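This report describes selected features of a protein model, beginning with a single residue and proceeding to the contact between chains and the fold of one chain.

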2 protein chains.
Amino acid sequence: MTHPANEIDDVVHQRVRLGILTVAHEARRVEFGFLRTTLDLTVGNLSQHLTVLEKAGLIEIEKGYEGRRGRTWIHLTAAGKKALRDEIARLKELIRQVEASQEKDPT
Amino acid sequence: MTHPANEIDDVVHQRVRLGILTVAHEARRVEFGFLRTTLDLTVGNLSQHLTVLEKAGLIEIEKGYEGRRGRTWIHLTAAGKKALRDEIARLKELIRQVEASQEKDPT
């Protein structure tokens, strides 16, 4: 049986991208500025990670207006929702293994 | 309140290093070749990640012999055990948030 760490996908697991997917999961769509503030990122850093997620087909990016202001909205695709669910299943398996060995040696 | 992704430490969270810490947590010490096979890594890749973990004070590396064969053993330090516990606490919080929003919109 393979170790759960071997099944983890870096595209989803990377800290900032996991944050983006988690925040985007909480609403139908999420605004760029809100994501940036919530995850404490620079515009450049957030843009870079959004590009990775968009290329992998996990999010879609829409540009539009709110009043006169240009806005960018992000939402998860079906593949993005599935990728996040898969990541969480693997993390839970990994946590289960650590906690099982914690019980044997609770130091 | 800050998002749990902002509290995650990349040194511990990175996929391969999280795998190393998890496997090392399961025994008092773990042998290099066993780690390499379990996590399906090249010698170079495993060495690189071990160096990052050792520099951060999360593991200690001992070199010794088993019969005539040179062996390298890895064990977690107290700081390494704590770092893994902290990572798991943050992952659980993140999973809790995703699952809470899953219930609202189970698509």
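The model is predicted. Within it, G80(B) is found in helix α6 of chain B, the helix that spans residues 78-104. G80(B) counts as buried because 23 other C-beta atoms lie within 10 Å, where the cut-off for a buried residue is 20 or more. When its neighbours within four places in sequence are left aside, the residues in contact with G80(B) are L21(B), L58(B) and I59(B). A further distance concerns L53(B), 27 residues away from G80(B) along the chain: the C-alpha atoms of the two residues are separated by 8.4 Å.

**Contact between the chains**

Between the two chains, 27 residues of chain A are in contact with 27 residues of chain B. On the side of chain A that touches chain B, at least two residues are supplied by each of α1 (10-13), α2 and α5 (78-104) of chain A. The greatest contribution to this side comes from α5(A), with ten residues. By residue class, the side of chain A that touches chain B divides into eleven nonpolar, ten polar and six charged residues.

**The sheet of chain A**

Strands of a sheet pair through backbone hydrogen bonds, in either a parallel or an antiparallel manner. In chain A, three strands form an open sheet in the order β1-β3-β2, with antiparallel pairing. Its edge strands are β1 (30-31) and β2 (59-66) of chain A, each of which pairs on one side only. The pairing of β1(A) with strand β3 of chain A, residues 69-76, is antiparallel and extends over two bridges. V30(A) has I74(A) in β3(A) as its bridge partner.

**Helices across the sheet**

Two helices of chain A that lie across strands of the sheet are listed below.

| Helix | Strands crossed | Angle |
|---|---|---|
| α2(A) | β1, β2 and β3 of chain A | about 95° to β3(A) |
| α4(A), residues 43-55 | β2 and β3 of chain A | about 125° to β2(A) |

Helix α2 of chain A, residues 15-25, is mostly covered, since ten of its eleven residues are buried. Among the buried residues of α2(A) are V16(A), L18(A), I20(A), L21(A) and V23(A), and R17(A) and H25(A) are buried as well. Helix α2(A) thus appears in two settings: α2(A) lies across β1, β2 and β3 of chain A, and α2 of chain A also supplies at least two residues of the side that touches chain B.

Notes:
Residues are numbered from 1 along each chain as its sequence is written. Chains are lettered from A and ligands numbered from 1 in the order in which they are written. This is a predicted model: local features need pLDDT of at least 70, side-chain atom pairs count only at pLDDT 80 or more; totals for chains, interfaces and linings use all residues. A residue is buried if 20 or more other C-beta atoms lie within 10 Å of its own, exposed if 12 or fewer, and partly exposed in between; C-beta atoms are placed from the backbone. Helices (H or I, at least four residues) and strands (E, at least two) are DSSP runs, numbered from the N terminus. Two residues are in contact if their C-beta atoms, placed from the backbone, lie within 7 Å. Ala, Val, Leu, Ile, Met, Phe, Trp, Tyr, Cys and Pro count as nonpolar, Asp, Glu, Lys and Arg as charged, and the others, Gly among them, as polar. Two strands pair if DSSP finds at least two bridges between them. Axes are lines fitted to C-alpha atoms, for helices over the stretch in contact, and angles run from 0 to 180 degrees between N-to-C directions.
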